[in-house]
Amino acid sequence: MYTKEKCLKTLSQFISEPHLLKHSLAVGAAMRYYAELYHEDAGYWQAVGLLHDADFEKYPDEHPQHTAELLVPLGYDEQFVADIVSHCWAWDVERSRVQKVLAAVDEMTGFVTACALVRPDKSLENLEVKSVLKKIKDKAFARAVDRDDLRAGAALLEITLEEHIENVRKALIEYL
């Protein structure tokens with residue numbers, strides 16, 4: 001129902017900034033990876049990841065509050081929208097598994113990518129978890145990323161921070 005092609009077409013209606021498009025693709029990749037790891041619907045999870053920031057470019061200060069008004073008229077159902085909106089850390093409803101994963105991978109995908117890009121070879125393949133952990137401790141690196149959110153994401157998934165970093169790294173290699 002929510003194919004990658006449909007989601008990419010939808011995404012192109014709302015997102016034009018290259019960095020936001022790359023981020024959406026990365027989150028989609030991580031969602032697909034975790035769905036396969038958990039034996040869930042990989043296509044649906046990837047779709048949630050691809051469209052999780054659909055309203056961000058138009059409404060950055062009110063994100064993700066406008067997700068429904070953008071996606072429902074295009075045929076995306078209320079559950080899909082709820083799964084997207086749940087990635088906001090202020091979400092006060094118990095999260096489902098897909099919702100937990102989305103919250104967990106949102107910031108981590110960008111952080112892992114940034115860690116790879118500062119390496120001489122800019123390679124995710126050669127990026128080690130210990131290097132990412134070192135960058136998490138470096139408050140001057142990627143200042144906009146809340147380190148507590150990175151840790152909270154791993155905790156939501158009930159895995160170690162190291163395991164989460166490695167899963168995201170593998171996802172980006174495999175699906176980007």
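Start by selecting Ala-142, in the loop between helix 7 and helix 8 (147-157). This is a predicted model, and here Ala-142 has a phi near 45°, a positive value in a residue other than glycine. Is Ala-142 buried or exposed? The answer falls in between: Ala-142 is partly exposed, with a relative accessible area of 26%.

Now add Phe-141 and Lys-135 to your selection. The charged end of Lys-135 sits over the ring of Phe-141, 4.8 Å from the ring's centre.

Next, go to Lys-122, in the loop between helix 6 and helix 7 (129-137). Its phi is also a positive value in a non-glycine residue, near 50°. Lys-122 is exposed, and its relative accessible area is 52%.

From there, turn to the largest pocket, which holds about 790 Å³ of space. To find its centre, select His-23, Asp-106, Glu-107, Gly-110 and Val-145, the closest to that centre of the 30 residues in the lining. Colour helix 2 (18-37) and helix 6 as well, since these are the elements that give two or more residues to the lining. Which helix gives the largest share? Helix 6 does, with eight residues.

Keep helix 6 (residues 97-117) coloured, as it also provides ten residues, the largest share, of the largest nonpolar core. That core has 54 residues. Select Met-31, Tyr-34, Trp-45, Leu-71 and Phe-80 to see the members with the most contacts inside the core. In soluble globular proteins, nonpolar side chains tend to be buried together.

Zoom in on Phe-80, one of those well-connected core members. Beyond its neighbours within four places in sequence, Phe-80 is in contact with Tyr-2, Tyr-44, Ala-47, Val-48, Leu-51 and Leu-71.

Time for the aromatic rings: the model has nine aromatic pairs. For one of them, show Tyr-2 with Phe-80: the ring centres are 4.4 Å apart and the planes meet at 45°, so the pair is tilted. What does this pair tie together? Tyr-2 lies in the segment before helix 1 (4-14) and Phe-80 in helix 5 (residues 78-85), so the pair links parts that are 78 residues apart in sequence. Both Tyr-2 and Phe-80 are buried.

Another tilted pair is Tyr-34 with Tyr-38, at 5.8 Å centre to centre and 35° between the planes. Tyr-34 and Tyr-38 are both buried.

Return to Tyr-2 and Phe-80, and add Tyr-44 and Tyr-76: these four form one aromatic cluster. Then show Lys-6, whose charged end sits over the ring of Tyr-76, 4.5 Å from the ring's centre.

Now move to the loop between helix 3 (42-50) and helix 4 (67-71), where you will find Lys-58. Lys-58 is exposed, with a relative accessible area of 57%. Select Ile-15 too: its C-alpha atom is 8.2 Å from that of Lys-58, although the two residues are 43 apart along the chain.

Stay in the loop between helix 3 and helix 4 and pick Pro-64. The peptide bond leading from His-63 to Pro-64 is cis, with omega near 0°.

For the last stop, select Thr-67 in helix 4. Is Thr-67 buried or exposed? Thr-67 is buried, with a relative accessible area of 0%. Leaving out residues up to four places away in sequence, Thr-67 touches Asp-55, Val-81, Ile-84 and Val-85.

How values were computed:
Residues numbered from 1 in each chain as written. Predicted model: local features only at pLDDT ≥ 70, side-chain atom pairs only at ≥ 80, totals over all residues. Heavy atoms only, no water. Phe/Tyr/Trp six-rings, centres within 6.5 Å; stacked < 30°, edge-to-face > 60°. Helix = DSSP H or I, 4+ residues; strand = E, 2+ residues; numbered from the N terminus. Buried < 20%, exposed > 50% of the residue type's maximum accessible area, 1.4 Å probe, protein only. Lys NZ or Arg CZ within 6 Å of the ring centre and 35° of its normal. Core = buried A, V, L, I, M, F, W, Y, C linked by side-chain atoms within 4.5 Å. Contact = heavy atoms within 4.5 Å. 1 Å grid on protein atoms, 1.4 Å probe; cavity = no way out; pocket = protein on both sides within 12 Å on 5 of 7 lines; lining within 4 Å. Points joined across faces, edges and corners; volume = space filled by probe spheres on them.
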